Amino acid sequence: MTGASSGIGEATALACADAGAAVALAARRGERIDALAERIVGAGGRAIAVQTDVGVEEQARAFVQRAHAELGRLDVLVNNAGVMLRGPILDAPTDEWRTMIHANVFGVLYCTHAALPMMADQGSGHIVNVSSVAGRFARAGSGVYNLTKFGVGAFSESLRQETASLGIRVTLIEPGAVATELSGHNRPEIREQIAKIFADVAPLRAEDIAAAVLYAIGSPSNVSVNEVLVRPSGQVR
């Protein structure tokens, strides 16, 4: 589970642990995933925490390898780590673009690349890529975030076709508005714009997306849930 320090990643890790899975937690904020691992172990589960920047190939590979070595198998990889930095393309701080591509694109690629040989050797596995409704519908002021999430969707479909014969399933999860820390990393004026756009929408909980992940990975082996788009009932786009 990447991006496990808060939000969807934390909620999904807890849900998987409650369902009996051993979980490996990755995030840049080491103290948060250490506390989450302690919480899971304290409740009788199995968990390890590995401070990781998934956009750095060596760190992403080390995380996947350690998860496999310490937990014995690698049945599911949830590529959840991501950043949403909105704003117009004109005069944008280009470091924000690099930050998003680093986490949203390279993080998915590196972790997947590290996991595939292990899953292929097992003859089974499941890769879950957490994208966004922004991976289906572009919006002014969200161009580069859209780019990264459209890319994750295209990558996921190509990966699904390549790995189906290996017994590996691929699922793309596309959340709408969710009450997490994601929008809080934006510049103040952008946060105000986001708040206005979704002022009349009651957001999903992170646990709602965790339930979608569990549905996909808990489906029988002959069932491949390719895409799950989950919006709040009041969200139009």
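**Close-up 1. A salt bridge within helix H5 of this predicted model, between Glu157 and Arg160**. Glu157 and Arg160 stand three residues apart in helix H5, so that about one helical turn separates them. Their side chains meet in a salt bridge, with a nitrogen-to-oxygen distance of 2.8 Å. Glu157 has a relative accessible area of 31% and is therefore partly exposed, and Arg160, with a relative accessible area of 25%, is partly exposed as well.

**Close-up 2. A salt bridge within helix H3, between Arg61 and Glu57**. Here the two residues lie four residues apart in helix H3, which is about one turn of the helix, and their side chains meet with 3.4 Å from N to O. Arg61 counts as partly exposed at 23% relative accessibility, while Glu57 is partly exposed with a relative accessible area of 32%.

**Close-up 3. The salt bridge between Arg32 and Glu181**. Among the 11 salt bridges that the structure holds, this one brings the side chains of Arg32 and Glu181 to 2.9 Å, N to O. Because Arg32 belongs to helix H2 (residues 30-42) and Glu181 to the loop between strand E5 (168-175) and helix H6 (188-197), the pair ties together parts that are 149 residues apart in sequence. Arg32 is partly exposed at 33% relative accessibility, and Glu181 is partly exposed with a relative accessible area of 33%. The view can be widened to take in Arg29, which is linked with Arg32 and Glu181 in a network of salt bridges.

**Close-up 4. A nonpolar patch on the surface, formed by Ile101, Phe106, Leu109 and Leu147**. Together these four residues have about 310 Å² of accessible area. Helix H4 (residues 94-122) gives the most to the patch, with three residues, whereas Leu147 lies in helix H5 (residues 143-163). Leu147 counts as exposed, because its relative accessibility is 52% and the class begins over 50%.

**Close-up 5. The second largest pocket and its lining**. About 440 Å³ of space lies in this pocket, and 21 residues line it, with Ala21, Ala22, Val23, Asp75 and Val76 nearest its centre. Strand E1 (23-27), helix H3 (57-71), strand E3 (76-79) and helix H7 (206-217) are the elements that give two or more residues to the lining. Of these, helix H3 gives the most, with five residues. By class, the lining divides into 17 nonpolar, two polar and two charged residues.

**Close-up 6. The largest cavity and the residues around it**. A search of the whole structure finds two cavities of 30 Å³ or more, and about 80 Å³ of space lies in the largest one. Leu85, Arg86, Gly87, Pro88 and Trp97 are the closest to its centre among the 15 residues that line it. Helices H4 and H5 each supply at least two residues of this lining, which has eight nonpolar, four polar and three charged residues.

**Close-up 7. The second largest cavity and its lining**. About 30 Å³ of space lies in this cavity, and the residues that line it are Thr2, Val54, Asn79, Asn80, Ala81, Ala103, Gly107, Val108 and Cys111. Helix H4 gives the most to the lining, with four residues. The lining holds five nonpolar and four polar residues, and no charged residues.

Note on methods
Residues are numbered from 1 along each chain as its sequence is written. This is a predicted model: local features need pLDDT of at least 70, side-chain atom pairs count only at pLDDT 80 or more; totals for chains, interfaces and linings use all residues. Side-chain values use heavy atoms; hydrogens and water are left out. Patches are made of residues with over 30% relative accessible area and no salt bridge: like charges are joined within 9 Å, nonpolar side chains (Val, Leu, Ile, Met, Phe, Trp, Tyr) within 5 Å. Accessible areas come from the Shrake-Rupley method with a 1.4 Å probe; for residues, only the protein chains shown count as cover. Buried means under 20% relative accessible area, exposed over 50%, partly exposed in between (1.4 Å probe, protein chains only). On a 1 Å grid over the protein atoms alone, a cavity is a set of points where a 1.4 Å probe fits but cannot get out, and a pocket is an open set with protein on both sides within 12 Å along at least five of seven lines; lining residues have an atom within 4 Å of a point. Grid points are joined across faces, edges and corners, and a volume is the space filled by probe spheres set on the points. Ala, Val, Leu, Ile, Met, Phe, Trp, Tyr, Cys and Pro count as nonpolar, Asp, Glu, Lys and Arg as charged, and the others, Gly among them, as polar.
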